[in-house]
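Visitor: Please give me a close look at one part of this model. I would like the sheet and what sits around it.

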Amino acid sequence: MPQAATATILTILETKFSAIVEQWLGTQVKEGVKRSDLFSDSESRAQNAELLKAFAKGVRAGVTDDDFDLADPAWEDLRAVLADVTKERVSRGVTPTEMATFVLALKVPLFAQLQKTLPDNPSSLIFDVLMVTRLVDAFAIYTNEVFIAEREQIIERQREEMLELSTPVVELWDRVLTLPLIGTLDSARAQEVMENLLETILQRQAEVVILDITGVSTVDTQVAQHLLRAAAAVRLMGAECIISGISPMIAQTMVQLGIDVGTVSTRSSIRTALADALGKVGYTIQKNRDH
Amino acid sequence: MSGIAAIHLVENALLVSIQDDVSDVEIIDLQDALSRRIAEENVRGVVLDISALEIVDTFVGRVIAQLAGISRLLDAETYVVGMRPAVAVTLVELGLYLPETRTALSLTHALSQLRRG
Amino acid sequence: MPCPSCGVGDPTDPSAYVAVQSISLQTSRDVVMARQAVARALKSRGASAIRTTRFATAVSEIARNAIVHGGGGEITIGFDLASAYLMVECRDKGRGIADIPQAMVDGFTTAGGLGRGLGGAKRLADRFEIITEAGKGTRVRMGVKV
């Protein structure tokens with residue numbers, strides 16, 4: 001019968017369940033991956049027990065002809081528990097090595113139990129050790145994949161948050177807006193920045209817009225094109241556009257690249273741009289006499 | 001009258017508010033009518049309110065640019081006012097920056113700019 | 001010459017597309033009808049103002065081309081439920097376009113226009129394909145993701 005392949009493993013998983021959980025925890029401590037700084041003892045124990053239960057369920061239903069695939073429905077429980085555990089561990093700052101070692105540590109108690117159960121049957125022992133090795137390795141590889149996917153999700157989320165954060169249109173004064181650009185300006189972001197800016201001009205009936213590029217790391221031909229197109233669209237809507245924060249370095253690069261800003265006003269600092277903008281809407285900045 | 005939009009004379013400027021999508025023939029008719037009126041009334045400006053337009057393609061854009069050229073020859077400035085954000089983005093993508101025209105947020109803004117000269 | 005952005009579907013194929021409308025293109029009023037039909041179709045499917053204006057403008061350009069250069073034609077609007085693309089196909093029986101790469105360059109014109117129509121339309125659409133044969137006419141297919 002092919003089910004003999006996992007019969008012994010199943011027996012020890014059922015009869016020695018608590019002992020295996022404890023030994024697994026012990027191995028994690030020895031390997032230095034238990035992270036008692038992040039998880040309490042009872043928390044770790046509960047997590048390990050839950051994982052082991054789901055693992056046992058998979059071994060019972062998901063291995064045929066000593067073959068298995070963790071993507072099968074029989075392993076659904078393990079995948080679900082693993083997703084939860086990994087998510088939590090990633091958010092608490094566990095490293096991928098720690099995560100893999102944590103899973104691989106399960107081999108130690110399983111080997112020990114097999115050895116105790118099959119002391120006089122070396123060929124069966126070798127066979128079962130091999131089986132456990134394959135199962136736990138697959139378990140660890142799958143964990144790694146979940147870990148990476150979870151991290152990628154976090155990175156993507158942060159990227160989106162940054163995208164939103166980095167394009168705030170600020171109303172500096174009545175009818176004066178500023179858009180402080182930070183970082184790199186690729187086509188997708190330039191488009192989003194432009195649409196956001198134009199909508200705000202309409203809502204606020206803004207007459208002057210300051211595009212401040214103090215925080216833009218490099219201005220190449222493409223970035224300059226994006227800026228000039230944004231300025232052109234602002235003008236078409238009937239507002240004036242001032243590009244401020246042009247450092248001497250950026251000015252040099254722009255001239256060397258042969259970028260012609262045409263009729264767009266440019267200023268070196270946001271300070272002079274602001275004074276200009278206020279002038280355009282009828283205000284002047286004055287020093288208080290008593291000061 | 002041009003059929004698609006009434007031309008009003010206000011403070012030495014011709015105001016036209018385009019209320020609906022215009023065909024090529026209609027916009028050409030409007031250009032003709034406006035050119036005549038600029039010369040006849042000796043105005044200083046033409047204010048074209050396009051806030052109702054959701055599509056301005058290269059043809060309409062070109063006619064507006066020509067109108068600005070014609071009015072400049074007749075000593076009047078052309079203002080395009082109320083352009084929607086979507087139209088501005090599209091025109092820039094088409095490479096139509098309309099440098100010949102002046103622009104303003106609304107009729108009121110254009111009139112106060114004309115008053116200031 | 002097929003365009004580099006392949007996989008442009010056929011909106012006249014009823015098995016793949018939900019027909020929206022077909023409009024005969026003869027006068028400048030028909031160009032208005034075509035772009036308005038496309039704008040309505042996009043808005044009713046929840047497209048943003050900017051995407052609606054961009055694509056309807058592209059449609060306006062190719063519909064006018066069919067009249068000015070192709071001596072009139074027809075435009076079919078269809079919606080692909082599976083991929084959520086609104087597709088248009090514009091056909092004329094004119095003399096065709098001799099050199100497509102040249103016709104796509106901004107500033108190229110044969111009829112005294114601005115010469116930004118075809119290249120501009122391609123930039124404004126998510127999908128664009130043009131097929132032309134000398135003496136037999138031109139067919140442009142364009143699509144936008146809704």
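Guide: What follows starts with the sheet of chain B and then moves outward. This is a predicted model: local features need pLDDT of at least 70, side-chain atom pairs count only at pLDDT 80 or more, and totals for chains, interfaces and linings use all residues. Residues are numbered from 1 along each chain as its sequence is written, chains are lettered from A and ligands numbered from 1 in the order in which they are written, and side-chain values use heavy atoms, with hydrogens and water left out.

Five strands of chain B form an open sheet in the order 1-2-3-4-5. Pairing is mixed. Strands are DSSP runs of E, at least two residues; helices are runs of H or I, at least four; both are numbered from the N terminus. Two strands pair if DSSP finds at least two bridges between them. Strand 1 (7–10) and strand 5 of chain B are the edges, each pairing on one side only. On average, neighbouring strands are turned by 25° against each other, direction ignored. Axes here are lines fitted to C-alpha atoms, for helices over the stretch in contact; angles run from 0 to 180 degrees between N-to-C directions.

Now go inward. Strand 2 (residues 13–17) and strand 3 (residues 45–49) of chain B run parallel, joined by five bridges. In one of them, B:Val16 has B:Leu48 of strand 3 as its partner. Helix 2 (residues 58–73) of chain B packs on this sheet. It touches strand 3 and strand 4 (77–81) of chain B, contact meaning heavy atoms within 4.5 Å. The direction of helix 2 makes about 150° with that of strand 4 of chain B.

Next, look past the edge at strand 5 (102–104) of chain B. B:Ser106 lies in the loop from there to helix 4 (107–116). B:Ser106 counts as buried because its relative accessibility is 19%; the limit is under 20%, with exposed over 50% and partly exposed in between (1.4 Å probe, protein chains only). The side chain of B:Ser106 makes a polar contact with that of B:His109, at 2.7 Å. Such a contact is a pair of N or O atoms within 3.5 Å; within protein, one must be able to donate a hydrogen and the other to accept it, and residues adjacent in sequence count only if both atoms are side-chain atoms. Leaving out residues up to four places away in sequence, B:Ser106 touches B:Val81 and B:Gly82. B:Val81 belongs to strand 4 (77–81) of chain B.
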